[in-house]
Amino acid sequence: AGAHADGVKHLESALGTRAHWEEAYERELRNFALNPKDEGVDWFSDDTGERLLEWVRATAPLDEGVLDLGCGSGVFLCDLAAGRPGRFLG
């Protein structure tokens, strides 16, 4: 951890670097180019993703579609869009 000009201590992590995410997305693109059926990494574990899907389906207006920003590999958005009309973009 290091102090910044704002006086707040920030954790040092590769996850906070542009280089980390550029490499991660380049790897996903290479994997997809080799196998277009490869959906990439599912960022949820156990039943967390399913519980979140149930909550979103029960509480969010999905009739017009969804814009998912910061969607990682997009697996969640694909699951959310399955069998629904509307535009689902991520």
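This text walks through a predicted model of one protein chain, from its overall layout to single residues.

Start with the whole chain. It contains three helices and four strands. Followed along the sequence, these elements come in the order β-β-α-α-β-α-β. The chain has 90 residues, and 18% of them are buried. The surface it exposes comes to about 7200 Å². Carbon and sulfur atoms supply 57% of that area. Now take the contacts between residues at least 6 apart in sequence. Of these, 25% join residues at least 24 apart.

Next, look at charged side chains. Side chains of opposite charge can pair when their charged atoms come close. The structure holds three such salt bridges. Helix H1, which covers residues 18-34, is a good place to begin. Glu22 and Arg18 form a salt bridge here, with N and O 2.6 Å apart. Why are these two separated by about one helical turn? They sit four residues apart in H1. An α-helix has 3.6 residues a turn, so residues three or four places apart point the same way. How open are the two partners? Arg18 has a relative accessibility of 65%, so Arg18 counts as exposed. Glu22 reaches 42%, so Glu22 counts as partly exposed.

Glu23 repeats the pattern with another partner. Glu23 and Arg27 are both in helix H1, four residues apart, or about one turn. Their salt bridge has its closest N and O atoms 2.6 Å apart. Glu23 also forms a salt bridge with Arg30. There, the closest N and O atoms are 4.0 Å apart. Shared partners thus link Glu23, Arg27 and Arg30 into one network of salt bridges. What about their exposure? Glu23 is partly exposed, at 39% relative accessibility. Arg27 is partly exposed too, at 36%. Arg30 is likewise partly exposed, with a relative accessible area of 47%.

Move on to helix H2, residues 48-59. Its length can be checked with simple arithmetic. At 1.5 Å a residue, its twelve residues should span 16 Å. The C-alpha atoms at its ends are 16 Å apart, so the two values agree.

Which residues of H2 are buried? They include Gly49, Leu53 and Val56. These three cover an arc of only 70 degrees around the axis, so they lie on the same side of H2. The buried residues of H2 pack against H3. Now turn to the face pointing away from that buried side. This face carries the exposed residues Trp55 and Ala58.

Past H2, the chain enters a loop that leads to strand E3, and Leu62 is found in this loop. Is Leu62 buried or exposed? Its relative accessible area is 6%, and the cut-off for buried is under 20%, so Leu62 is buried. Several residues surround Leu62. Leaving out residues up to four places away in sequence, Leu62 touches Val56, Arg57, Leu80, Arg84, Pro85 and Phe88. Val56 is one of the buried residues of H2. Leu80 is 18 residues from Leu62 along the chain, and their C-alpha atoms are 9.0 Å apart.

After strand E3 (65-67) comes another loop, which runs to helix H3 (75-81) and holds Asp68. Which residues does Asp68 contact, aside from its neighbours within four places in sequence? They are Phe76, Leu77, Leu89 and Gly90. Asp68 is buried, yet has no salt bridge. Its nearest side chain of opposite charge is Arg57, 12 Å away. A salt bridge needs a nitrogen and an oxygen within 4 Å, so a partner 12 Å away does not qualify.

Finish in helix H3, where Cys78 lies. Cys78 has 53% relative accessibility, so Cys78 counts as exposed. How far is Cys78 from Phe88, ten residues along the chain? Their C-alpha atoms are separated by 8.0 Å. Phe88 has appeared before, among the residues that Leu62 touches.

How values were computed. Residues numbered from 1 in each chain as written. Predicted model: local features only at pLDDT ≥ 70, side-chain atom pairs only at ≥ 80, totals over all residues. Heavy atoms only, no water. Buried < 20%, exposed > 50% of the residue type's maximum accessible area, 1.4 Å probe, protein only. Lys, Arg positive; Asp, Glu negative; His and termini not counted. Contact = heavy atoms within 4.5 Å. Expected span 1.5 Å × (residues − 1). Arc of directions from axis to C-beta. Areas by Shrake-Rupley, 256 points an atom, 1.4 Å probe, with all protein chains shown as cover.
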